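Here is a brief report on one protein structure. The topics are a strand pair, the enclosed spaces and the nonpolar cores.

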Amino acid sequence: MSEKCPVCFRHCQPPEGGLGICRGRRMVNGKMVPDNYGKLTCLALDPIEKKPLRNFFPGSKILSVGSFGCNLSCPFCQNYQISTACSDDVVTKDYSPEELCELAVSLKDRGNIGVAYTYNEPMISYEYVRDTAKLVHEAGMKNVLVTNGTACKEVTDEVLHYMDAVNVDLKGYNYTYYKTLGGDLKIVLKFIEQAVQQCHVEVTTLVVPGQSDNEATIRMISAWIETLSHKYVADIPLHITRFFPAYKEIDRNPTAVETVYHLVDVAKEKLKYVYPGNC
């Protein structure tokens with residue numbers, strides 16, 4: 001009997017050789033394994049603020065890496081060329097955890113503080129993140145995870161143990177809206193709460209016109225973050241990010257800049273740290 005995938009709530013169980021919905025995991029000998037393990041599509045030395053992280057080693061740089069695949073299906077995805085891809089669709093370069101760690105260390109003299117797992121959804125290859133992050137910590141450097149938070153506790157436990165900072169995309173505060181993106185709001189909220197107990201956390205909400213660009217949504221998100229901040233004595237920053245047309249929503253207008261700044265002010269009624277993004 002084939003095992004179900006452990007990563008997210010779907011627990012995919014495709015036939016032998018088949019891919020899960022995320023396109024990054026494959027059934028091999030009855031077990032779901034990361035088809036994208038160590039296969040990188042993106043590699044860049046980025047400002048830490050680009051993750052975005054504003055309250056974690058500001059002014060530093062971090063080696064940012066990504067692969068392919070994602071377990072959500074957001075129609076506005078900025079990185080859809082890799083998030084919707086499988087191994088046959090993209091050009092990759094193989095980096096073992098040891099090689100990636102060595103590269104990170106070699107970039108210290110350029111201001112690098114560690115490795116950020118980002119661009120596509122890193123948790124669908126949590127084994128690679130875990131294996132690399134362990135080595136990065138042993139080298140005295142930092143690990144950053146940029147994720148949609150759609151992962152089950154069992155695999156999250158294996159990764160968060162090695163993380164120094166996490167940025168989670170909280171795409172809204174509506175269960176029905178999350179379902180249209182292929183996700184589950186409850187799982188993301190649980191992920192954020194789990195992460196807050198183990199490392200520095202910042203949250204990003206993309207304000208999409210007609211969907212998440214309203215005061216009600218931002219008030220619910222900021223109130224929930226405020227409650228979480230008080231519970232764990234941590235001022236969790238919120239990034240309110242401007243939408244630009246992409247992927248299946250190229251006919252939608254960008255979010256008005258004044259809307260972003262207004263929603264930042266709304267969130268500041270509850271939160272100490274709120275930052276506009278893409279403005």
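## The β1–β2 hairpin

In this predicted model, strands β1 (residues 25–28) and β2 run antiparallel. Four bridges join them. Val28 of the pair stands opposite Lys31 in β2. Two residues lie between the strands of the hairpin. Asn29 takes a positive phi there, near 55 degrees.

Strand β2 spans residues 31–34 and has two faces. Met32 and Pro34 form the covered face. Lys31 and Val33 form the uncovered one. Lys31 is thus named twice: it sits on the uncovered face of β2, and Val28 stands opposite it.

## The largest cavity

How many cavities of 30 Å³ or more does a search of the whole structure find? The search finds two.

The largest cavity has a volume of about 110 Å³. Its lining counts 14 residues. Nearest its centre lie Gly66, Ser67, Asn120, Pro122 and Tyr128. Two elements give two or more residues to this lining: β5 (61–66) and α3 (126–138). By class, the lining of the largest cavity holds six nonpolar residues, seven polar and one charged.

## The second largest cavity

The second largest cavity holds about 80 Å³ of space. It is lined by 13 residues. Which of them are the closest to its centre? They are Cys5, Cys8, Cys12, Cys22 and Asn71. The lining of this second largest cavity divides into eight nonpolar residues, three polar and two charged.

## The nonpolar cores

The largest nonpolar core has 60 residues. Those with the most contacts inside it are Tyr117, Leu145, Met163, Leu170, Ile192 and Ile240. Which helix gives the most to this core? Helix α6 (residues 185–196) does, with seven residues.

Another core lies apart from the largest one. It has nine residues, including Ile62, Ala116, Val144 and Ala165.

## Around Tyr117

Tyr117 is one of the residues with the most contacts inside the largest core. Its neighbours within four places in sequence are left aside here. Beyond them, Tyr117 is in contact with Val65, Pro122, Val129, Thr132, Ala133, Val136 and Asn143. Val144, Leu145, Val146 and Met163 are also in contact with Tyr117.

Several of these partners recur elsewhere in the report. Leu145 and Met163 are listed with Tyr117 among the residues with the most contacts inside the largest core. Val144 belongs to the core of nine residues. Pro122 is among the residues that lie nearest the centre of the largest cavity.

Technical notes:
Residues numbered from 1 in each chain as written. Predicted model: local features only at pLDDT ≥ 70, side-chain atom pairs only at ≥ 80, totals over all residues. Heavy atoms only, no water. Buried < 20%, exposed > 50% of the residue type's maximum accessible area, 1.4 Å probe, protein only. Pairing = 2+ DSSP bridges. 1 Å grid on protein atoms, 1.4 Å probe; cavity = no way out; pocket = protein on both sides within 12 Å on 5 of 7 lines; lining within 4 Å. Points joined across faces, edges and corners; volume = space filled by probe spheres on them. Nonpolar A, V, L, I, M, F, W, Y, C, P; charged D, E, K, R; others polar. Core = buried A, V, L, I, M, F, W, Y, C linked by side-chain atoms within 4.5 Å. Contact = heavy atoms within 4.5 Å.
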